[in-house]
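User: I want the reasoning behind some structural labels. Please set each value against its cut-off.

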Amino acid sequence: MTLSVLNVIWVGVALAVIGGMLITLSKFGPRIALEPLPVGVRGSRFRLTVNGEPAFKRSR
């Protein structure tokens, strides 16, 4: 094999390792999501939630 092929293989291995680390770390972090809220007949608004709870409490 030539040197460039080996470099491409090492880059692929490094990307796989970094991807696996990110997936593992995300399982231990908080779940953050944008959830759609229906507004009117065909409109929607999005609400930011952390672990299923609204991120910001509205006081009205």
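Analyst: Short answers follow, on a predicted model.

User: Why is valine 5 called partly exposed?
Analyst: Its relative accessible area is 36%. Buried means under 20% and exposed means over 50%. Valine 5 falls in between, so the label is partly exposed. Valine 5 sits in helix 1, residues 3-28.

User: What makes valine 5 eligible for a nonpolar patch on the surface?
Analyst: Patch residues need over 30% relative accessible area, and valine 5 has 36%. The patch also includes Leu3, Leu6 and Trp10, among others. Together the patch residues have about 770 Å² of accessible area.

User: How do you know that strand 1 pairs with strand 2?
Analyst: Pairing requires at least two bridges. Here 8 bridges join strand 1 to strand 2, and the strands run antiparallel. One bridge pair is leucine 34 with leucine 48. The two strands form a hairpin with 3 residues between them.

User: Why is strand 1 said to lie largely in the open?
Analyst: Strand 1 has 8 residues, and the number buried is 0, so the description holds.

User: What makes glutamate 35 and arginine 47 a salt bridge?
Analyst: The N to O distance is 3.3 Å. The cut-off is within 4 Å, so the pair qualifies. Glutamate 35 is in strand 1 and arginine 47 in strand 2, so the contact ties together parts 12 residues apart in sequence.

User: Are these two, glutamate 35 and arginine 47, buried or partly exposed?
Analyst: Glutamate 35 is at 29% relative accessibility, and arginine 47 has a relative accessible area of 31%. Buried means under 20%, so glutamate 35 and arginine 47 count as partly exposed.

Conventions:
Residues are numbered from 1 along each chain as its sequence is written. This is a predicted model: local features need pLDDT of at least 70, side-chain atom pairs count only at pLDDT 80 or more; totals for chains, interfaces and linings use all residues. Side-chain values use heavy atoms; hydrogens and water are left out. Patches are made of residues with over 30% relative accessible area and no salt bridge: like charges are joined within 9 Å, nonpolar side chains (Val, Leu, Ile, Met, Phe, Trp, Tyr) within 5 Å. Accessible areas come from the Shrake-Rupley method with a 1.4 Å probe; for residues, only the protein chains shown count as cover. A salt bridge is a side-chain nitrogen of Lys or Arg within 4 Å of a carboxyl oxygen of Asp or Glu. Helices (H or I, at least four residues) and strands (E, at least two) are DSSP runs, numbered from the N terminus. Buried means under 20% relative accessible area, exposed over 50%, partly exposed in between (1.4 Å probe, protein chains only).
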